[in-house]
Amino acid sequence: MEIRENIITDSIPHRDPFLFVDKVLEINEKSIKTSKLMDAKMDFFKGHYPHKPLVPGVILCEAVFQSGAILIANIEKFSQNAVPVLAKIGEVKFRKMILPGDEIEITAEIVEKVSNVYFMKGTVSCGGKNSVRVEFAVSMVNEQ
């Protein structure tokens with residue numbers, strides 16, 4: 001599958017400061033690999049935690065969810081009004097902290113599709129070490 005120049009912004013409605021995918025590295029019919037540099041200037045580092053900043057686990061999970069939504073948008077043809085909505089979060093495991101300046105690699109893959117719901121699993125790794133593993137479901141919903 002082709003990686004277009006604007007694949008991220010053409011695929012999901014997320015924008016800065018709540019966009020946690022910088023590049024699509026690989027994409028096929030079942031999985032996607034993306035990356036994100038956790039720049040030390042990101043706002044959440046000011047309060048999480050001021051003297052020992054680290055990326056909140058929820059942000060790492062969101063990077064996986066956004067990557068999964070990019071994948072879904074590129075394998076299905078949805079109306080322009082369709083947006084990805086998180087429908088379920090399953091088992092989550094956190095292993096390695098991600099710090100300011102770390103570049104993460106994110107994977108998401110489709111496990112099963114039931115109607116308009118995609119059951120998925122994903123990971124975040126840094127320096128070849130697994131940081132997060134999460135199971136989740138995404139549904140495509142038409143905006144009102």
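In the predicted model, Asp22 has a relative accessible area of 37% and is therefore classed as partly exposed. The side chain of Asp22 forms a salt bridge with that of Lys36, with an N to O distance of 3.1 Å. Asp22 is located in the loop between helix H1 (7-11) and strand S1 (23-27), whereas Lys36 belongs to strand S2 (residues 31-37), so the contact ties together parts of the chain that are 14 residues apart in sequence. Unlike Asp22, which is partly exposed, Lys36 is buried, at 7% relative accessibility.

This pair belongs to a set of seven salt bridges found in a search of the whole structure. Another of them joins the side chains of Glu105 and Lys33, with 3.8 Å from N to O. Here the connection is between distant parts of the chain, as Glu105 lies in strand S4 (residues 103-114) and Lys33 in strand S2, 72 residues apart. Glu105 is partly exposed, with a relative accessible area of 33%, and Lys33 is likewise partly exposed, at 23%. Because buried means under 20% relative accessible area, Lys33 at 23% falls outside that class, while Lys36 at 7% falls within it. Lys33 and Glu105 also take part, together with Glu26, in a network of salt bridges.

A further salt bridge is formed by Glu91 and Lys93, whose closest N and O atoms are 3.2 Å apart. Both partners are partly exposed: Glu91 has a relative accessibility of 44% and Lys93 a relative accessible area of 32%.

Turning to the nonpolar interior, the largest core comprises 39 residues, and the members with the most contacts inside it are Met38, Ile104 and Met120. Elements that each supply at least two residues of this core are H1, S1, helix H2 (57-75), S4, strand S5 (117-126) and strand S6 (129-142). The greatest contribution comes from H2, which gives ten residues. When residues up to four places away in sequence are not counted, Ile104 touches Thr34, Ser35, Lys36, Met38, Leu60, Ala63, Ile98, Val124, Ser125 and Cys126. Two residues already described recur in this list: Met38, named among the core members with the most contacts, and Lys36, the salt-bridge partner of Asp22.

Aromatic contacts were examined next. Three aromatic pairs are present in the structure. One of these consists of Phe18 and Phe20, with a centre to centre distance of 5.0 Å and an angle of 75 degrees between the planes, an edge-to-face arrangement. The two residues fall into separate accessibility classes, Phe18 being partly exposed at 41% relative accessibility and Phe20 buried at 1%.

In a second pair, the ring centres of Phe65 and Phe136 are 5.0 Å apart and the planes stand at 55 degrees, so the pair is tilted. An angle over 60 degrees would be needed for the edge-to-face class, which the 75 degrees of Phe18 and Phe20 satisfies. Phe65 is in helix H2 and Phe136 in strand S6, and the pair thereby links distant parts of the chain, 71 residues apart. Phe65 and Phe136 are both buried. The two elements joined by this pair, H2 and S6, are also among those that each supply at least two residues of the largest nonpolar core.

Methods:
Residues are numbered from 1 along each chain as its sequence is written. This is a predicted model: local features need pLDDT of at least 70, side-chain atom pairs count only at pLDDT 80 or more; totals for chains, interfaces and linings use all residues. Side-chain values use heavy atoms; hydrogens and water are left out. A salt bridge is a side-chain nitrogen of Lys or Arg within 4 Å of a carboxyl oxygen of Asp or Glu. Helices (H or I, at least four residues) and strands (E, at least two) are DSSP runs, numbered from the N terminus. Buried means under 20% relative accessible area, exposed over 50%, partly exposed in between (1.4 Å probe, protein chains only). A nonpolar core is a set of buried Ala, Val, Leu, Ile, Met, Phe, Trp, Tyr and Cys residues joined through side-chain atoms within 4.5 Å. Contact means heavy atoms within 4.5 Å. Rings of Phe, Tyr and Trp (its six-membered ring) pair if their centres lie within 6.5 Å; planes under 30 degrees apart count as stacked, over 60 as edge-to-face and the rest as tilted.
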